[in-house]
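Dear colleague,

I am handing over the structure we spoke about, and my notes on it come directly after it. Please read them with the coordinates open.

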Amino acid sequence: MNASNDLVAETWERLEKSIIYYRGRPVGTVAANDPELEALNYNRCFIRDFVPSALAFLIKGRSEIVRNFLIETLSLQSHEPQMDSFKPGSGLMPASFKVELIDGKEYITADFGEHAIARVPPVDSCLWWIILLRAYVKATGDISLAQQIEFQQGIQLILEMCLAHRFAMYPTMLVPDGAFTIDRRMGVYEHPLEIQVLFYAALRAARELLLPNNDNCSCISSVKQRLVPLTYHLREYYWIDLERLNEIYRFRGDEFGTEVANRFNIFAESIPGWLTEWLPRNGGYLAGNLGPGRMDFRFFALGNLMAIITALASERESQQIINLIEQRWDDLVGEMPMKMCFPALEGLEWKIVTGADPKNRPWSYHNGGNWPFLLWLLVGAAIKTDRIEIAEEAIDIAKNYLSEDEWSEYYDGKTGRLIGKQARKYQTWTIAAFLVAKELISDPSHLELLSFERE
C-alpha cells in the first residue's frame, strides 16, 4: 500500500511540474517534460492532451486551472468566416497553445494546425472543449461560467460548424485524414469512429449547457434533430459482431432503392481474413469507419471506449466490447494498456495507406502502438459496464512499468513490450491518465464527469 501511495504522490509531482502559467495563473499543462530531447511542439498545451489532466484536477477539487483553461481557449476560438487559404473556420478551437514572452509581456499564441503535418485542422479540439466544459460544470456546480454570453456564443459557433450543410446524406460528421488523435495519414478519413463518438458526446453536452432562450432555440433544435439519427446510424451500421459479419458475408452487391439490406454496398471480399477467426462469438465492436463501398474493420480503442462511457453504445454492445477486450487481451492490451488500433497495417497496405510513413511503421505509434493515455478510458469503460476486475488488471499492468519507463508516450511491438522508438519521456497525458484511472477505481462516481445516461 505504501509503495502504491508513493507512486501516486510521485505522479502528482510530475503533473504539477507540467503546469503552464499565464500572468501568474495556471492555464494548462505542457505535452511533455523530456529533458533529453528538444521541446519542439511538446512545450505546448494541446486541448485533447489536457483532458485527462483536467479531469485529475477536477477530481482533486482544483478547478481553477480548468476554469482558466476554458476561458483562455475560448478567447482563442477562430471567428474567421470560413476555412480557406490555411485559415481556420469560424468555431474551430486550436490544436494547442503556448505562452510566449515578447518585449517583457506574456502572450498566448495558438496553433490551429498550421504547424501540423499537412496542415490538417484539429477537428476534435472543439468537441473535447464542449465535453470538458460540461465536466467542469458537473464537478463544480459553476453553471454560471457556461451561461456567460461568450460561452454560449462559443458553443453556438462550434455547433454551427459541425452541423453545417455539406455534400453528405449521413448524420455523421465528415473530416479529413489526421484530424483527431490519429494526426497522421492512417486511412481514417471521411467518418472515423472517434470523431463520431466525440460529436455525439459534444451534442449531448451542448444540449445540457445551452440556455433555452430565443438566441439558442434554432441551435438546440438542430442538436435534437441530429442526435436521434446519429445514434441510430452508429449503433446500426458501425456495429460488428459475428451475426453482423455473417450478414455482410452474405450480402448481395449493387442493391438499389431505400429498402435494401446492403445499404452501403459493402462486398464480402472486403472482410479481412484475420477477422473471421479473431472475433469472439460473444464479442463485438464499433467499426473504425464506414462509407460507400468501404468499411474499416480495424478496432480503434478510443472510439469504442468513449462509446461505452458516453452511453452511445447500447448496454448489449457495451458488454460485447468489453468481452472482446477481455478475450483478446494479449492483442489489445498486452504489456501496456492499450492499442490505439488493431491490427497494424503491414506490407504493401502500409505503404499505400500511410504513404510509407516511417513513424507509423507496423506495430508502432498510431499503427498498432500501445498508448498509456488510453488507460483512463479503459478503466472508465470497465466501470461503466461493471467489470471492475478488468480495470484493476489494467492498472496493475501499467503501474509495474510506467514509472520505471519514465512515463513514456507510447510503446511499440505486437504486445507493447518496447518503449516507442520516438517516444517522449514524462508525457503529461500518460501521467494524468494513470492518476485519473487510480481515482476512478477508488471512487467510480467520478466517472459521472464524462458519462451520460443511456437514452
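The notes below concern the salt bridges and the surroundings of their partners.

Please keep in mind that this is a predicted model. It holds 20 salt bridges, and three of the pairs are described here.

In one of them, the side chains of Glu439 and Lys60 meet with an N to O distance of 3.4 Å. Glu439 belongs to helix 17 (residues 428-442), whereas Lys60 sits in the loop between helix 2 (47-59) and helix 3 (64-76), so that the pair links distant parts of the chain, 379 residues apart. Glu439 has a relative accessibility of 16% and counts as buried because the cut-off for that class is under 20%, while Lys60, at 44%, is partly exposed.

Arg204 forms a salt bridge with Glu455, and their closest N and O atoms are 3.4 Å apart. Because Arg204 lies in helix 7 (residues 193-209) and Glu455 in the segment after helix 17, this pair ties together parts that are 251 residues apart in sequence. Arg204 is buried at 6% relative accessibility, whereas Glu455 is exposed, with a relative accessible area of 57%.

Arg361 pairs with Asp412 in a salt bridge whose closest N and O atoms are 3.5 Å apart. Arg361 is in the loop between helix 14 (347-354) and helix 15 (375-384), and Asp412 is in strand 12 (residues 411-412), so parts 51 residues apart in sequence are tied together. Arg361 is partly exposed at 29% relative accessibility, and Asp412 is buried at 3%.

Finally, salt bridges with shared partners join Arg204, Arg207 and Glu455 into one network.

With kind regards

Notes: Residues are numbered from 1 along each chain as its sequence is written. This is a predicted model: local features need pLDDT of at least 70, side-chain atom pairs count only at pLDDT 80 or more; totals for chains, interfaces and linings use all residues. Side-chain values use heavy atoms; hydrogens and water are left out. A salt bridge is a side-chain nitrogen of Lys or Arg within 4 Å of a carboxyl oxygen of Asp or Glu. Helices (H or I, at least four residues) and strands (E, at least two) are DSSP runs, numbered from the N terminus. Buried means under 20% relative accessible area, exposed over 50%, partly exposed in between (1.4 Å probe, protein chains only).
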